[in-house]
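Visitor: Please take me through one part of this model closely, starting from a single residue and working outward to the strands and helices. I would like the criterion behind each term as it comes up.

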Amino acid sequence: MEMCVLTTESTKEVTETVQDTVGEVGRMTEYLQNHLPDILAYGIRVLLALVVFFVGRIVIKWIRALVGRSFQRSGVDAGVRQFTDSFLKFALYVVLIFSIITKLGVDTASVAAVLASAGVAIGLALQGSLANFAGGVLILLLKPFEVGDYIVEDTNKNEGTVKEIQIFYTKLSTLDNKTIVIPNGMLTNNSITNVTAKNERRLDLRVTISYDSDLRRAKQLLEQVVKTDGQILQEEEILIFVDELGERGVVLGARAWVVSEHYWEARWRILENIRLAFEEHGVRLPEVGVISRPR
């Protein structure tokens, strides 16, 4: 008897569930029938928006390439080309997205009103970006450096060769092939050392010899090594001098000029040749940790 009651109740629950499901399906079907034209129209708008987006991407690439080739033929500076390309890409994508919004039926006046009401918040959020944009414009106008220059950002000691000057950031490539991305605002608000701004660069060397070495002989050897190096500019002044009487020995100095791009290889090679020449002719370098000044 109890089994029959349970079976009857289960049957009622199943029947009610089926009836509810059928009712929901019926209401959904009725909704679709009533709103099918609107759904199809919106779907067509979404499809058109996707088409506009993909076609717009192609057009943006074409415009950027056209402007880039025009700048290249005109001999425009590489930094100006990169900055303009970055700005053009940003502006064209903003126009494209705004066009897509209108294709979806969104009222542009409403969008403008929302943007206007949120203007203060947007301005605060973009304060850093606007400063970086203004910094990029100043870099292009004042030209403290150009693409290809080796610069040192003095505050944070970031340094490298300038590879790109973009709308908000400048990219540096380090000697060990790392990429440093620095905001343009930081570069315009801090001091910068442009190492390769000039074609020639002075080579400053300091070498310490022990007090019991022949000073005149050491100066002769130092002068010989510097003057006979193939990358030293012989028409420029070459100086060999005693720079300091230090605690560990006599500090000799040498000054000469080289082409900027040859600076490091010339420096490394000359220091090596100085060490070999001193060793060959008995000029002693001070021992590490030993003070060799005579009493």
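Guide: Let us begin at Ser 173, which is found in strand 3, residues 169-173, where strands (E, at least two residues) and helices (H or I, at least four residues) are DSSP runs numbered from the N terminus. This is a predicted model, in which local features need pLDDT of at least 70 and side-chain atom pairs count only at pLDDT 80 or more, while totals for chains, interfaces and linings use all residues. Residues are numbered from 1 along each chain as its sequence is written, and side-chain values use heavy atoms, with hydrogens and water left out.

With a relative accessible area of 15%, Ser 173 is buried, a label that means under 20%, with exposed meaning over 50% and partly exposed in between (1.4 Å probe, protein chains only). Once its neighbours within four places in sequence are set aside, Ser 173 touches Gly 160, Thr 161, Lys 163 and Lys 178, contact being heavy atoms within 4.5 Å.

Thr 161 leads on to the sheet, since this residue of strand 2 is the bridge partner of Tyr 150. Strand 1 (residues 150-153) and strand 2 (residues 158-165) pair in the antiparallel sense over four bridges, where pairing requires that DSSP finds at least two bridges between the strands. Five strands in the order 4-3-2-1-5 make up an open sheet with antiparallel pairing. Strand 4 (179-183) and strand 5 (192-194) stand at its edges with a single partner strand each, so one side of each is left without a neighbour in the sheet. From one strand to the next, the twist averages 40°, with axes taken as lines fitted to C-alpha atoms, for helices over the stretch in contact, and angles running from 0 to 180 degrees between N-to-C directions.

From the sheet we can turn to the helices. Helix 7 and helix 8 pack at an angle of about 140°, their axes being 10 Å apart. Where they meet, helix 7 contributes Ala 218, Leu 221, Leu 222, Val 225 and Val 226, and helix 8 contributes Ile 270, Asn 273, Ile 274, Ala 277 and Phe 278. Sorted by class, this contact has nine nonpolar residues, one polar and no charged ones, where Ala, Val, Leu, Ile, Met, Phe, Trp, Tyr, Cys and Pro count as nonpolar, Asp, Glu, Lys and Arg as charged, and the others, Gly among them, as polar.

Each of these two helices also holds a salt bridge, defined as a side-chain nitrogen of Lys or Arg within 4 Å of a carboxyl oxygen of Asp or Glu; by this rule the count comes to 10. In one of them, Lys 227 and Glu 223 bring their closest N and O atoms to 2.8 Å, and as they lie four residues apart in helix 7 (residues 215-227), about one helical turn separates them. Lys 227 is partly exposed at 38% relative accessible area, and Glu 223 is partly exposed at 31%. Arg 275 and Glu 279 form another, at 3.6 Å from N to O, and they too are four residues apart, about one helical turn, in helix 8 (residues 263-280). Here Arg 275 is partly exposed, with 40%, whereas Glu 279 is exposed, with 52%. Elsewhere, salt bridges with shared partners join Arg 202, Asp 204 and Arg 255 into one network.
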